[in-house]
There are 4 protein chains.
Amino acid sequence: MSREEKKNEIFRAASQVFFSKGFEKTKIEDIAKQAGIGKGTVYEYFESKLQLFEETIAFYHQNVINSLCEALARWENIGDKIKAYAQFMTEIISNHIHLFELMADSRVMAREMGAVILESNIRMGDVLLEAVTEAISKGELRPDLEPRLITSTILGTVTQYCSLKIMFSEPETQKIDYDRLVDAVMRGVGAEAISNQTS
Amino acid sequence: MSREEKKNEIFRAASQVFFSKGFEKTKIEDIAKQAGIGKGTVYEYFESKLQLFEETIAFYHQNVINSLCEALARWENIGDKIKAYAQFMTEIISNHIHLFELMADSRVMAREMGAVILESNIRMGDVLLEAVTEAISKGELRPDLEPRLITSTILGTVTQYCSLKIMFSEPETQKIDYDRLVDAVMRGVGAEAISNQTS
Amino acid sequence: MSREEKKNEIFRAASQVFFSKGFEKTKIEDIAKQAGIGKGTVYEYFESKLQLFEETIAFYHQNVINSLCEALARWENIGDKIKAYAQFMTEIISNHIHLFELMADSRVMAREMGAVILESNIRMGDVLLEAVTEAISKGELRPDLEPRLITSTILGTVTQYCSLKIMFSEPETQKIDYDRLVDAVMRGVGAEAISNQTS
Amino acid sequence: MSREEKKNEIFRAASQVFFSKGFEKTKIEDIAKQAGIGKGTVYEYFESKLQLFEETIAFYHQNVINSLCEALARWENIGDKIKAYAQFMTEIISNHIHLFELMADSRVMAREMGAVILESNIRMGDVLLEAVTEAISKGELRPDLEPRLITSTILGTVTQYCSLKIMFSEPETQKIDYDRLVDAVMRGVGAEAISNQTS
DNA sequence: CATGAATGAGCCTTCATTCAT
DNA sequence: GATGAATGAAGGCTCATTCAT
């Protein structure tokens, strides 16, 4: 196994543990065990716990971004892209919810790592920004709004709504109506939106 | 000073320190110093560091919610309420940004406490939900959308956009166009929104 | 209440707590509460926790010695005095056993305070020594043995046997045959003792 | 050095320190220093200070019991066994007295650990009980007395007398007349004992 | 006098990091 | 390279003692 592959092994183990316990509560030994290696070996690949954490988060973000790009590339028009993004977020949040539930008392840690997801959002914003800019030029999105504002509307709405649905709904009622979600973003929540509809 | 007032004193100090350093990096001694009392005194009022943290966060949330309720109560129609909410969020985020900047290496800790703001969002959602429900019945908002979805759109968009503006803009360009923000939420980001406009 | 009476109040409270918890596990506050006074008040009467402990132990020893003297004075010949002493010890040990049982985890503390009883023994030895010396001169005890040795035989046997009986017997079988105990001490445990018996 | 050997090393160091300072006044660091290792290393071998203490005491008791068994096994008749036991106790008490004297203010701690010796006594009782039972069946000891009572007489007398001699005598006069000690136990302290003697 | 809120020295314990094997 | 035994810095928490009321 090459050095790079080994690092990835450790990243995978570290993601698991960091996400379920948070930075401080995670012991290097936990990660080593999870990766099936010795404690000292971790230090052959990473300078310190903090560096490992930073790189693990970066690795995580990169994975997320790559997956998102793939997911968006499959669709042509912006509505479909938004829907794809919402489905993607649902999956990510669900994965982490699962991790959190493993922990009985994950209050503090959930907080800490929850914020990593926030960070992801910022980065996803950059990916979406491209799609948004393109959609504006194609006449799919309002040209009179700052592209960043449109991106924020999409991102914010999706994150907020999906989190809510997953975290606070009973498992069987977690069905999210993605079409309506896209509709709310595209046509707005104001009453005029439907009074003016052509169809 | 009554016991309750003293606890509030400690809450204020604890908020400061917890928000700038995060839970784990905060030493009880730090909080005591900030409050101008001895280390042992903290333990006269709180069982443990964790309990102090939990109660401090609850205290913080309560303050936020109270302020938000006041801010919303000053306005009649939903557009103004959204604008008020956006201005309120701007202020909160600015305050925390300020705290983070005090710390040299606040990356990790910022993550942790950033999530507390997320938690606030969930709670703010409940406050907004009332306003939204009322606005729907007054015909200001679309009745065909789940109220929770509308709330998420407002909350998510505002949080995302304001965070972005404050965190990544140069100070002098932090001007946020609140009216446009409200417009994006109310009329949507899709191109139809403006093609159908009456004026 | 005079200063001396108040000190005695505190001694009584302190005995209770010290005997059930040991020196280190006892908090001044425990004693204050037990005595029905404030923590600070204890310091009006005693310099420090250690001093309070030393004086409490001395107070305890004095009480024991006084009671023992009274118990012994009631009897004329040495056999009866030994029996009286054995009954006295049974009572003391029972009292302390009771205290220990109040505590869930009294292992360590029992050790510590158990030794105070040992100390009592040394002092009781001095009281018994007088009775022994007198009994020797009255021809009741062997004149060819060092009085201290006789005292040790009485004290040691009684303490050991009574402790055993009380600590490790089922409550209902705690009956101690005091006459046989005295007999063992007076006539010895060797087989000759009975082969030579006159009766 | 094997794990078990290392634990024994720590036991030896811990015995030293616990016996001279008592449980509470002993710092883990003291033990580590005495054992020539780091503070954290102690925790590689023992869960907590309390566990280390309990196991150290058990280790001590085991050693004492083993040595006692060896000492008793060397002799045939019960008189010699009692003498051997008395010499054994003298040695143990002398060792601990030495430790106590190292400490200027060992009053409190001496108490605490002195009680460990008491505990030893209880265990030694079980060992002696065997020898006593055997001696009864061989006709060396009175069959009309409860074996436990005989054991208590031996144990109690020896412990009490030897402690007294060692603790309160000037070093040069510590000579203990073991034969007379055995005689007191075997023939009793009553005057009849000698009036009935055959010789 | 009596009180108990305030204090901070002190210690157990954890765990990132090192390094001999 | 890989390992895990050894280390000691660091921090939460306790409680004897003080002192303002």
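Me: Which residues are the closest to DNA strand E?

Reply: Happy to look! This is a predicted model, and in it 29 residues surround DNA strand E. Sugar and phosphate account for 68% of the strand's atoms that come within 4 Å of the protein. The closest residues are Gly38(B), Thr41(B), Tyr45(B), Thr41(C) and Tyr43(D).

Me: Which element gives the largest share of the surface near DNA strand E?

Reply: Helix H3 (39–45) of chain A, of chain B, of chain C and of chain D each give two or more residues to that surface. By class, the surface has eight nonpolar, ten polar and eleven charged residues. The largest share, five residues, comes from H3(B).

Me: What on DNA strand E lies 3.2 Å from a backbone N or O atom of Gly40(B)?

Reply: Two other backbone contacts go to phosphate oxygens of DNA strand E: one from Lys49(A) at 2.8 Å, and one from Ile28(D) at 3.2 Å. For Gly40(B), the partner on DNA strand E is a base nitrogen.

Me: How many salt bridges does the rule find across the interface of chain A and chain B?

Reply: Let's start with the extent of the interface: 55 residues of chain A are in contact with 55 residues of chain B, and the buried area is about 5,000 Å². A salt bridge needs a Lys or Arg side-chain nitrogen within 4 Å of an Asp or Glu carboxyl oxygen. Lys25(B) and Glu24(A) meet this way, at 3.1 Å from N to O. Across the interface, the count is eight.

Terms used
Residues are numbered from 1 along each chain as its sequence is written. Chains are lettered from A and ligands numbered from 1 in the order in which they are written. This is a predicted model: local features need pLDDT of at least 70, side-chain atom pairs count only at pLDDT 80 or more; totals for chains, interfaces and linings use all residues. Side-chain values use heavy atoms; hydrogens and water are left out. Contact means heavy atoms within 4.5 Å. Buried area is the accessible area (1.4 Å probe) that two parts lose on being put together, summed over both. A residue is near a molecule or strand if one of its heavy atoms lies within 4 Å of it. A polar contact is a pair of N or O atoms within 3.5 Å; within protein, one must be able to donate a hydrogen and the other to accept it, and residues adjacent in sequence count only if both atoms are side-chain atoms. Helices (H or I, at least four residues) and strands (E, at least two) are DSSP runs, numbered from the N terminus. Ala, Val, Leu, Ile, Met, Phe, Trp, Tyr, Cys and Pro count as nonpolar, Asp, Glu, Lys and Arg as charged, and the others, Gly among them, as polar.
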